[in-house]
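This report goes through one protein chain, from a single helix residue out to the overall fold, the backbone irregularities and the main pocket. The sequence and structure come first.

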Amino acid sequence: MKLSVLDQAPISRGSNPVDALQHSIELAKVTEKLGYTRYWVAEHHSTNGLASSSPEILITRIASETSRIRVGSGGVLLPQYAPYKVAENFKMLEALFPNRIDLGLGRSPGGSQQTRLALTDGVKKNLNAFPRQLQELQGFLYNALPKDHPYRTVKATPRVDTYPEVWVLGLSERGATNAAKLGVGFCYGHFINPVNGELAIRTYREKFEPSISLQKPHVLACIFVVCAETEEKAEELALSQDKWLLSVEKGGDTKVPSLQEVKNKTYSDEERRIITKNRKRTIIGTPIKVKEALENYSELYGIDEFMIITNIYEFDAKVRSYELLANTFGLAKS
């Protein structure tokens, strides 16, 4: 099984964005040595708890500090941008780091309506244009726009001989269908919606159409994981992620809280219900327990690659979680 990393550059309480981004660079270097396949960075706006607002810039920094691991976006929020500019950004990255760049694309609005308008300079863009934007982006990447397209003579530069891998991130049959019709990879966000993966991935496989990007369907799923030497330690570490997810859902302070803060917290019945529900988005436990759970999902989803996201307070414990997984799965270390 292949393992990869999704990094939102979470900021722990008492820390700052500079520290969070340095941790991202360090984690990328560690996971490359451990044998992870990809390292994707997210795009989030107008939040005090996540430092990754510009994946293109962070990709450049991480790719410069590593040599083998694929580096990409998870994902660029395409509805807010011009497909042409996104194509040029990632062709530039591909020119700098040939055969190492992934372009993951999301349909998410990326925040409130006000945030979206700030991103688009006041232009009210329609999320329903996402399929059309995907087609145009692919056309710009491969210089393959239809002859009757109004931008046919506009070329995305630099014009290089290799191309970034294109992925669509999705939570449902709609996202799966967008990826399938375009003929690109599909990443299912189990860490957001844990109940629709089997149907979404089956839809993607059934509707997949070979394209200039990809000849056969390629699927991965992203899931929260907290792994430690003992069950008790893993459960303790996960408490900060539980509280963080609760705060994100309630729209509060989105910095990752310390264990001491969480242990002093008294939850309402409704908050406990939400925490229990959110546990379906994650796997928590010893290396063997996590391995068995991922293997079960692998059989359910029919895939052999998982993207792991771990948003806990202690950075050293996060690194250790990725180390334990790599060791248990026998990833090829460099």
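## Report on the model

N278 lies in helix α10, which spans residues 269-278. The model is a predicted one. The relative accessibility of N278 is 6%, under the 20% cut-off, so N278 counts as buried. Apart from neighbours within four places in sequence, N278 is in contact with L245, L246 and E249.

**Overall fold**

Twelve helices and nine strands make up the secondary structure of the protein. The radius of gyration is 19 Å, close to the 20 Å that the globule rule gives for 334 residues, so the protein is as compact as a globular protein of that length. Along the principal axes, the C-alpha atoms fill a box of roughly 65 × 45 × 40 Å.

Of the 334 residues, 54% count as buried. The accessible surface comes to about 14,800 Å², and carbon and sulfur atoms account for 51% of that surface. Among contacts between residues at least 6 apart in sequence, 73% join residues at least 24 apart.

**Helix α6**

Is α6 mostly covered or mostly open? It is mostly covered, with seven of its ten residues buried. These buried residues are G175, A176, T177, N178, A179, A180 and L182. They pack against two helices, α5 (130-142) and α7 (197-207), and against the strands β5 and β6. Just after α6, G183 takes a positive phi of about 75°.

**Backbone irregularities**

Two cis peptide bonds and two positive phi values in residues other than glycine are set out below.

| Site | Backbone feature | Value | Place |
|---|---|---|---|
| G74 to G75 | cis peptide bond | omega near -5° | G75 in strand β3 |
| T157 to P158 | cis peptide bond | omega near 0° | P158 in the loop between α5 and β5 |
| N99 | positive phi, not a glycine | phi of about 60° | loop between α3 (83-96) and β4 (101-106) |
| D121 | positive phi, not a glycine | phi near 60° | loop between α4 (113-119) and α5 |

Of the loop sites in the table, P158 has a relative accessible area of 24%, between the 20% and 50% cut-offs, and is therefore partly exposed. Leaving aside neighbours within four places in sequence, P158 is in contact with K91, M92 and A95. P158 and L141 are 17 residues apart in sequence, and their C-alpha atoms are 9.9 Å apart in space.

D121 has a relative accessibility of 72%, over the 50% cut-off, so it counts as exposed.

**S54 and its distance to E206**

S54 is placed in the loop between β2 (38-41) and α2 (55-65). Its relative accessible area is 28%, which makes S54 partly exposed. S54 and E206 are 152 residues apart along the chain, and their C-alpha atoms are separated by 34 Å.

**The largest pocket**

How much space lies in the largest pocket? The volume is about 1,100 Å³. Of the 45 residues that line this pocket, the closest to its centre are Q8, H44, S108, F191 and I192. The elements that give two or more residues to the lining are the strands β3 (70-77), β5 (165-170), β6 (185-189) and β7 (219-227), together with the helices α6 (173-182) and α8 (231-250).

Which element gives the largest share of the lining? That element is α8, with four residues. By class, the lining has 20 nonpolar, 20 polar and five charged residues.

Some elements described earlier return in this lining. Helix α6, in which seven of ten residues are buried, gives two or more residues to the pocket. The strands β5 and β6, against which the buried residues of α6 pack, also give two or more residues each. The strand β3, where G75 is placed, is likewise among the elements that give two or more residues to the lining.

Technical notes:
Residues numbered from 1 in each chain as written. Predicted model: local features only at pLDDT ≥ 70, side-chain atom pairs only at ≥ 80, totals over all residues. Heavy atoms only, no water. 1 Å grid on protein atoms, 1.4 Å probe; cavity = no way out; pocket = protein on both sides within 12 Å on 5 of 7 lines; lining within 4 Å. Points joined across faces, edges and corners; volume = space filled by probe spheres on them. Nonpolar A, V, L, I, M, F, W, Y, C, P; charged D, E, K, R; others polar. Rg over C-alpha atoms; globule rule 2.2 N^0.38 Å. Buried < 20%, exposed > 50% of the residue type's maximum accessible area, 1.4 Å probe, protein only. Contact = heavy atoms within 4.5 Å. Areas by Shrake-Rupley, 256 points an atom, 1.4 Å probe, with all protein chains shown as cover.
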